[in-house]
Amino acid sequence: MARLPKQAYTGQPWRIHEFTSDFTVEDVWSFRTPGAGPDNFPLMLDAMHTGGSLRAQPAPVRFLFALRWRLGALLGWDKPSAGVGRRVSSLRDRLPADLRAARRGADDESLPLKAVYELHSESARELANKTVHTVMHLGWAPGDNGDHELRMAVLVKPNGLFGRLYMAVIAPFRYGIVYPALTRRWEQAWLDRTARRVSP
């Protein structure tokens, strides 16, 4: 995994740019997928769903997520009234007709991120609560070594000063624990998936 400049996301011809100009690009990361070709994005999504879900993450990551949901329940951060369709409109309301008719993609029941759309080379999921409205965009792009690679961009729209403070507080946990663990699981999920495909 490598953290990339924002241009590695903004410079790609992905459809997401058409309707997220009011969001801030918080993070852009690449994930190594050796041997991947231009048509393997659906294969990577399947590998992530099979072997890279939250349930497959190490204990420290699961603990942090459980702690966050517990705090959210105690403090009312995640009430339905603060979510997508209530406090904020869903990105799906912004989609042009062709994207609205496209496949949405599967949701992971262990995470609150909900699918917005899924295409041949990109997908988007969103969540909202009292702190932020955030979008996780996954895109497929040529890497430096000739293979294609997965790129993840996190787009955010903080909910006022409280939302900006929240993002600042969780940043060390994202960079120090969550992203490194996520990278190991997603990259291993790709290796495991491709190994199964070539095994007799």
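Phenylalanine 31 has leucine 150 as its bridge partner in E6. The model in which this pair is found is a predicted one. The pair belongs to a wider contact between strands: E2 and E6 run antiparallel and are joined by seven bridges.

On E6 there is also a pairing with E5. Strand E5, residues 132-142, and strand E6, residues 148-158, pair in the antiparallel sense over 11 bridges. Two of the facing pairs can be picked out by residue. Proline 142 stands opposite histidine 148 in E6, and histidine 133 stands opposite lysine 157 in E6. E5 and E6 form a hairpin, with five residues between the two strands. In the turn, glycine 146 has a positive phi of about 95°.

These strands are part of an open sheet of six, in the order E1-E2-E6-E5-E4-E3, with antiparallel pairing. Strand E1 (2-3) and strand E3 (114-118) stand at the edges; each has a single partner strand, so one side of each is left without a neighbour in the sheet. Strands of a sheet pair through backbone hydrogen bonds, in a parallel or an antiparallel way. How much of E6 is covered? It is mostly covered, as nine of its 11 residues are buried.

The next topic is the nonpolar interior. In soluble globular proteins, nonpolar side chains tend to be buried together. The largest nonpolar core here has 27 residues, and those that touch the most other members are Met44, Met48, Leu138, Leu150, Met152 and Trp186. Strand E2 (24-31), H2, E5, E6 and helix H5 (160-198) are the elements that give two or more residues to this core. H5 supplies the largest share, seven residues. Leu150, one of the residues with the most contacts in the core, is also the bridge partner of phenylalanine 31.

Methionine 152 shows what surrounds one of these core residues. Leaving aside neighbours within four places in sequence, methionine 152 is in contact with Asp27, Val28, Trp29, Phe31, Met136, His137, Leu138, Tyr179, Leu182 and Trp186. There is also a second, separate core of 18 residues, which includes Phe19, Val116, Ala124 and Ala141.

One contact of methionine 152 is Asp27, and this residue leads to the charged groups. Aspartate 27 is found in strand E2. Is aspartate 27 buried or exposed? With a relative accessible area of 1%, aspartate 27 is buried, because buried means under 20% relative accessible area. Leaving aside neighbours within four places in sequence, its contacts are Arg3, Met152, Ala153, Val154, Arg174, Tyr175 and Tyr179. With the side chain of arginine 174, the side chain of aspartate 27 makes a polar contact of 3.0 Å.

The structure holds 13 salt bridges. One of them joins aspartate 27 to arginine 3, with the closest N and O atoms 3.2 Å apart. This pair links distant parts of the chain, since aspartate 27 is in strand E2 and arginine 3 in strand E1, 24 residues apart. While aspartate 27 counts as buried, arginine 3 is partly exposed, with a relative accessible area of 49%.

A second salt bridge is formed by the side chains of arginine 15 and aspartate 98, at 2.9 Å from N to O. Arginine 15 lies in the loop between helix H1 (7-10) and E2, and aspartate 98 lies in helix H4 (residues 97-100), so the pair ties together parts that are 83 residues apart in sequence. Both ends are partly exposed: arginine 15 has a relative accessible area of 23%, and aspartate 98 has 43% relative accessibility.

A third salt bridge joins arginine 103 and glutamate 118, whose closest N and O atoms are 3.0 Å apart. Arginine 103 is in the loop between H4 and E3, and glutamate 118 is in strand E3, 15 residues apart, and the pair links distant parts of the chain. Arginine 103 counts as exposed at 53% relative accessibility, whereas glutamate 118 counts as buried at 13%. Elsewhere, salt bridges that share partners join Arg3, Glu26, Asp27 and Arg174 into one network.

Definitions and conventions. Residues numbered from 1 in each chain as written. Predicted model: local features only at pLDDT ≥ 70, side-chain atom pairs only at ≥ 80, totals over all residues. Heavy atoms only, no water. Pairing = 2+ DSSP bridges. Helix = DSSP H or I, 4+ residues; strand = E, 2+ residues; numbered from the N terminus. Core = buried A, V, L, I, M, F, W, Y, C linked by side-chain atoms within 4.5 Å. Buried < 20%, exposed > 50% of the residue type's maximum accessible area, 1.4 Å probe, protein only. Contact = heavy atoms within 4.5 Å. Polar contact = N/O pair within 3.5 Å; in protein donor to acceptor, adjacent residues only side chain to side chain. Salt bridge = Lys/Arg side-chain N within 4 Å of Asp/Glu carboxyl O.
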